[in-house]
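Student: Could you take me through one part of this model up close, and then whatever ties in with that part?

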Amino acid sequence: MSDPTPRPTSPGPSVPRALRAALTEDWLATAVGLLLLAAVLTGVIPTGLVP
Amino acid sequence: MVATTPDVETAPPAERPARTWPWLVLGLFIVLLLGSAARWLEDVVPAAAKGTSLEKFAAAVEYPIYAIALGLIGNVIVYWAGLRERIADAVRTEFFIKTGLVLLGASINLNLIAKAAGPAILQALLLITSVFLIAWWLGGLLGLDEKLRALLSAAVSICGVSAAIAAAGAVRAKREQLAYAASLVIVFALPSIFLLPWLADLLGLSPAVAGAWIGGNIDTTAAVTAAGALAGEQTLQIATIVKATQNALIGVVAVALTAYFAFRVEKTEGAERPGLRQLWDRFPKFVLGFIAASAIGTWWVGTVSAAEAKSTIGVVNDLRTWFLILAFVSIGLQLRLGALREAGWRPVAVFGGAALANLAIGLGLAVLLFTGFTV
């Protein structure tokens, strides 16, 4: 059996960096989503503004 | 066509193009432009096809299809323009999809989440355990490297790229292995987006069973949302709840993998036992946002008049659609098949075999746990 471990050509981001980015994105997405929801409910983003 | 384009990332780090703020802004502009085009096509194509033989077909093609197709076309264009690596920081599939899912929470009644939580947790536990073990066994059978085996097993059994990232951190995988697993997830997820809603329709599954099957089966959360959106709003809601439940279990698998690799595979001297802190660190926080948005939305709908509630939640849904469109465009823009070409058939066979098992076991569990469930 030849070496079964793939040697892809694309190294991609480092694992710690990808892990940190994923954790930051989680909080950021939560904050942005809830802020947008609050903006709609309080009328900051009115009906008809979003295409 | 994307498959024939070599990866820009093959350049050694010193030659890799710099990613700076202007490129980030340009990248965001490209993602927004493609997203706007998808939204526009969704409106104009059915209107243009009205009265022609293509009327039914045009009406059936919805925004996820336009967005993914435009993303794939954009992928080829930015590659040939030499921009793909420079704008990579703007192509944030995970951020767009998670924000879209938090917004989706506002239109799902909290009671539905509570009602579906039981079967969703049971399905997730049974499905993740069985598919992980099947992928692990297949990986061992075909002689895969232990770390790649762990990455692929986590990716195919839990939630695709996010799980692969968590598993890669847990087992200290090489970055090439993470890039490879992420590419494999997207390559398998793309056909599933179209295949599963079609099969669910063919099998006559109810929206709840179809949603549970789609949510439990398709690996990456963005693709689950795309397939759910194609199948219908009720299917989307159940698929999202099931997928969010799987996402929440990433931490458990990451902690188990950390312990297994530290004490059994690498036998690290004096390795620390992973604890609750690590479990919390790996927990996907957007799930909390999704539940919070559902609680806020449920409270809002009960507080204002029906007409006002419909109008406000409608605006939230429009925003949600925009974020989902940006996520689907990003799926197309992110696809890189270069990594897969040199990997050989064994990892593909492991992933494919486990995905087939996932399909069958997932359907059985969805029918068993969600038949008779009403949305």
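Tutor: Sure. One definition to start with: the expected span of a helix is 1.5 Å times one less than its number of residues. Keep in mind that this is a predicted model.

Let's zoom in on helix H5 of chain B, residues 110–141. With 32 residues at 1.5 Å each, H5 of chain B should span 46 Å, and its end C-alpha atoms sit 44 Å apart, so the two values agree. That doesn't make H5(B) free of bends, though: there's one of about 45° at B:Ala117. Within four residues after B:Ala117 comes a proline, B:Pro119.

B:Pro119 also leads us to another part of the chain. Its C-alpha atom is 9.4 Å from that of B:Leu368, although the two residues are 249 apart along the chain. B:Leu368 belongs to helix H17 of chain B, residues 345–370. Is B:Leu368 buried or exposed? Neither, quite: B:Leu368 has 14 other C-beta atoms within 10 Å, so it counts as partly exposed, since buried takes 20 or more and exposed 12 or fewer.

Back to H5(B) and what follows it: there we find B:Gly143, with a positive phi near 70°. A positive phi turns up in B:Arg172 as well, near 55°, and that residue isn't a glycine. Most residues other than glycine have a negative phi. B:Arg172 lies in the loop between helix H7 (160–171) and helix H8 (175–202) of chain B. With 13 C-beta neighbours inside 10 Å, B:Arg172 is partly exposed.

Definitions and conventions. Residues numbered from 1 in each chain as written. Chains lettered and ligands numbered in written order. Predicted model: local features only at pLDDT ≥ 70, side-chain atom pairs only at ≥ 80, totals over all residues. Helix = DSSP H or I, 4+ residues; strand = E, 2+ residues; numbered from the N terminus. Bend = angle between axes of the 7 residues up to and from the residue.
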